[in-house]
Structures are given as C-alpha cells and as structure tokens.
Amino acid sequence: MAGRAAGRWSPLTCIGTVQLSPAGLIVHEPGEVETLVRTNLELRYQGVGELPRTNPATTADGQTSWEPRDVNLSIHISTHRIILQDETSSLAGCIPLALVQTACEAGGSTLFSPRSSYKIELSTLAWGDLTLVFRGGEAKSYMQSAKDRDETLHAVLRAMKRKAWTERERQVAKEQSRASRAVASKRVGVDAIMRSNEMRHRENANLADNALGGSVDRAPVKVFGKNKSNQE
C-alpha cells in the first residue's frame, strides 16, 4: 500500500510516494539498500505558499488546510532515497536523491542561541527548498541531535556521490545492448548461412548444366574411318 493519509496536506503527503507493507514497513526498490535510520525529525517546506496536493483524497471535503511541517518523523537514508515516515499514521514519503541538487548543514547551537535546532537544508528539483530538522530537548539531547544531523548529512552526501540509483538503469541498458547484439549476431549468422546456401545452389546448378549440356560446349570429336587397304 502507498504511504499516504487521507485528509492530510503537508510536505510529507506532497513528496514522492513510498510503498509500505501491511505491517507498515518500507518496501525498498530493486537494488536499494538502507544505510541509516534516525528519529525525532521534522520536515519543513521553506517555499512560498503550498505544495501541490498529490492525493485526491485530501480534497474530498474541501476542509483540509495546509500544514508546512510534519513532526515526529523517522528518517531512513538509502542508496536511492531520503525516506521520511510517520509511523503513528502509517504515512511515508520520499525525496529521491536524483532530485536533490544540494544538501548542506544549517542551524545548531550558538552562543546567543544555545537551543537552536540542527538542520539539513535540501534544494530539490521537484519541491524547491525543504529542511530536515533534528529536534533536541525532551526526546534527546542537543549534542545527540548534532551527531544525528552530521551522520545523516554524511550518508546523504555519500549516496549522492555514488549514484547507486543509476546502476539499475545501467543494468537495463546493458541487458538491452546484449539482446541487440545477440539479435544482430544471429542475423549475421542467418545471412551467412543464406549466402552459403545460395552459393551451394549456384554451384550445383552449374554442375547440372555442365552435365546435361557438356556435349554441346565441347569441341567436336573426330571419327576416323577404317583404312581402305584393310577393307580391301
């Protein structure tokens, strides 16, 4: 099932869809490997206005209002995607790494703002600017939040550099190329056999012509008569 909740209109319901199992577990794509999981996150939309609704169910009653942030999320970094999940609502969404232009750290504790949250700012091709906020305070210390942010950013940047999501495309292209070469090779083999058969038929036809019409083409044979002296 897709991780969408009817009636909710927030960044989590507007980003990429994620398939969840009946038990609420993330269904990964072929070749996708999960590398990191962290909890107690917020997803915020930093753009102007609202993100377009992607779930028709959210427009059914016309009552749903836009919420620019989702709270109490877990984040799953994989080789292909940034996956965010609200486990209490069986809701999940993803940001494919192929659509991430930049990812950089932001926020954090300072002398004048000792309780400022640690963040990762994402610039995406599909949804503009999104922010991942690692909350500190009651759920975990700010020091732990800083560590979670740094480890998450490292995992994201490493996955973006490796571009493992293109491996599937390369494999498909390789399979298609191999199939094309096999067809071409088979065609060449068929053509060669056809040419060989054609030459063999032509040689057999020449032999038949020579056998049937050879007396016409050969020089006339002299027939010598008997010696008259012998006849006498």
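In this predicted model, Arg-53 sits in the loop that runs between strand S2 (34-45) and strand S3 (69-78). Its relative accessibility of 33% places Arg-53 in the partly exposed class, because that class lies between the limits of 20% for buried and 50% for exposed. Although Arg-53 and Cys-14 are 39 residues apart along the chain, their C-alpha atoms are separated by 5.9 Å.

The same loop also takes part in a group of aromatic rings, since Trp-66 lies in the loop between S2 and S3, while its partner Trp-9 belongs to the segment before helix H1 (11-14), so that this pair ties together parts 57 residues apart in sequence. Two aromatic pairs are counted in the model, and they are set out below.

| Aromatic pair | Centre to centre | Angle between planes | Geometry |
|---|---|---|---|
| Trp-9 and Trp-66 | 5.5 Å | 65° | edge-to-face |
| Tyr-45 and Trp-66 | 6.0 Å | 85° | edge-to-face |

The pair of Tyr-45 and Trp-66 likewise links distant parts of the chain, with Tyr-45 in strand S2 and Trp-66 in the loop between S2 and S3, 21 residues apart. Through these ring pairs, Trp-9, Tyr-45 and Trp-66 are linked into a cluster. Trp-9 has a relative accessible area of 12% and is therefore buried, Trp-66 is buried at 15%, and Tyr-45 is buried as well.

Turning to the fold as a whole, the protein chain has four helices and eight strands, and their succession along the sequence reads α-β-β-β-β-β-β-β-β-α-α-α. The eight strands form an open sheet with antiparallel pairing, in the order S1-S5-S4-S3-S2-S8-S7-S6. At its edges are strand S1 (16-17) and strand S6 (100-107), each of which pairs on one side only. Within the sheet, strand S4 (residues 81-86) and strand S5 (residues 91-96) run antiparallel and are joined by six bridges; in one of these strands, S5, Ala-92 is the bridge partner of Gln-85. Helix H2 packs on the sheet, where it touches S2, S3, S4, S6, strand S7 (118-124) and strand S8 (128-134), and the direction of H2 makes about 165° with that of S6.

The largest nonpolar core has 32 residues, and those with the most contacts inside it are Leu-84, Ile-95 and Leu-132. Helix H2 (residues 142-162) gives the most to this core, contributing five residues. Which residues surround Ile-95, once its neighbours within four places in sequence are left aside? Ile-95 is then in contact with Ile-15, Arg-81, Ile-82, Leu-84, Val-100, Leu-122, Thr-124, Trp-127 and Leu-130. Apart from the largest core lies another, of six residues, which includes Val-18, Leu-20, Ile-26 and Ala-92; Ala-92 is also the residue of S5 that is bridged to Gln-85.

Over the whole chain of 232 residues, 35% count as buried. Among the contacts with a separation of 6 or more, 65% are made by residues 24 or more positions apart. The protein chain exposes about 14,800 Å², of which carbon and sulfur atoms supply 54%.

Definitions and conventions. Residues numbered from 1 in each chain as written. Predicted model: local features only at pLDDT ≥ 70, side-chain atom pairs only at ≥ 80, totals over all residues. Heavy atoms only, no water. Core = buried A, V, L, I, M, F, W, Y, C linked by side-chain atoms within 4.5 Å. Buried < 20%, exposed > 50% of the residue type's maximum accessible area, 1.4 Å probe, protein only. Helix = DSSP H or I, 4+ residues; strand = E, 2+ residues; numbered from the N terminus. Contact = heavy atoms within 4.5 Å. Areas by Shrake-Rupley, 256 points an atom, 1.4 Å probe, with all protein chains shown as cover. Pairing = 2+ DSSP bridges. Axes fitted to C-alpha atoms, helices over the stretch in contact; angles between N-to-C directions. Phe/Tyr/Trp six-rings, centres within 6.5 Å; stacked < 30°, edge-to-face > 60°.
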